[in-house]
Amino acid sequence: MEQGTFFTNNAEQPLAARLRPRDLDEFAGQRHLLGEGKILRRLIEGDRVGSMIFWGPPGVGKTTLARIIAHRTKAKFIDFSAVTSGIKEIKQVMEQAEKGRLFGDKTILFVDEIHRFNKAQQDAFLPYVEKGSIILIGATTENPSFEVNGALLSRCKVFVLQALKEDEVEALLRRALSDERGYGGTVDIDDETLSMIAAFGNGDARNALSTLEMAVLNGDEEKGRVRVTRENVEQCTSKKSLLYDKSGEEHYNLISALHKSMRNSDPDAAVYWLARMLEAGEDPLYIARRVVRFASEDVGLADPRAVEICVAAYQACHFIGMPECSVHLTQAVVYLSLAPKSNAMEVAYMRAQKDALSQLAEPVPLVIRNAPTRLMKDIGYGKGYEYAHDMEDKLSTMQCLPDSLVGREYYKPTEEGLEGRFKTRLNEIKEWKKAHRKEDKK
């Protein structure tokens, strides 16, 4: 716990600390909150900030933004760590803030990693937030809906900070090279190598600046200038030529290779392409999302467990990140490679999508409309509805498609894996309905 002085320019500090933005104009990213006319910028510039939570991944500027707010509002800024502080320290700070309030002083209490506080510690802030003794700014990498107690959360505005885009990280690196607080134009590095560092940063400004700093320290110095090469960066990051532009062609080539290898039931190739992407610095959650899609697009009801396994792999990636989650993705990728394949789910949707788009005004049949009001009942909503659970065979001949689409078939199951059972069941249902419709007409 310490009262924050504003930014110092100490050459012994890490590059990320030396280059910490001093105002909103220097702040990288978060245009959705800090662009001209955006809500958070207006609150800061109008000195109308209230208690708030900054939620976002590491290295996106949560601490820096809190300090800029404190500087801009001329408030007393107290830096508080959830890792090292307990109830006693909280009460001491609250008493100081309460005294300050009586003299008209504003206190901003910044709590880093607020999700690490237990409920009792979080409750200790509550009365002081309610009285206005403090303006609480919490920072967290975890979902505040789960990690911050409801009473405190209801008194805070949650702002979601996003990982920086690669062009934003690259712009920040260029400023580090030219700014006197950084390298003041004394470092030579080509655009491709700088872009490589930005890609490796993976949206984390602090990580990207630290990588640049390490590369400069290991660069070739001559006549007061430092030359940084691709090889310097590869040595510092343990990444060779696998690094690639995650928005460029190679990115799409590799994810395509992974998909097609799984579709072709080739687990060795699939694991290889998975490793290529992960070791190149790809976001494991991106791969996990694509794998979840594949589970229904290419496996579907041939093995319904596939989507469960892939969603579990996504959750594991979210919980523990790289490098540990590589094994969970490998498990999912191998499972999908060996699973029976069916694209019936995608084909069914595409068939239905075509009709849905061409017949957008097709009315819902009255028989399956809900009738929450008497007027709706009087005009026929829900009239003749047959509740399947009340039927002897749990089936009815009730028409659920619009008149113009009666008889249309979208889902056509294959014989692959468990989908063969679904095909048999579907055929039985269709035969039952066909037979009973004939009976109804007699």
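This tour visits one helix pair and then several salt bridges.

The model is predicted, so local features require pLDDT of at least 70 and side-chain atom pairs pLDDT 80 or more, while totals for chains, interfaces and linings use all residues. Residues are numbered from 1 along each chain as its sequence is written, and side-chain values use heavy atoms, without hydrogens and water.

Select first α10 (residues 191–201) and α12 (residues 230–237), whose axes lie 9 Å apart at an angle of about 20°. Here helices are DSSP runs of H or I, at least four residues, numbered from the N terminus, and axes are lines fitted to C-alpha atoms over the stretch in contact, with angles from 0 to 180 degrees between N-to-C directions. The two helices are therefore roughly parallel (an angle under 35 degrees). Contact (heavy atoms within 4.5 Å) involves residues including Met196 and Phe200 of α10 and Val233 of α12.

Next, display Arg41 in helix α3 (residues 39–45). A salt bridge (side-chain nitrogen of Lys or Arg within 4 Å of a carboxyl oxygen of Asp or Glu) joins Arg41 to Asp25, with closest N and O atoms 2.9 Å apart. Arg41 is buried at 6% relative accessible area, whereas Asp25 is exposed at 65% (buried is under 20%, exposed over 50%, partly exposed in between, with a 1.4 Å probe and protein chains only). Glu45 also forms a salt bridge with Arg41, at 3.0 Å.

Finally, select Arg293 and Glu297, which form a salt bridge at 2.9 Å, N to O. They stand four residues apart in helix α15 (residues 284–299), and are therefore separated by about one helical turn. Shared salt-bridge partners join Arg263, Arg293, Glu297, Asp298 and Glu346 into one network.

Note on methods
Parallel < 35°, antiparallel > 145°, perpendicular 65-115°, else oblique.
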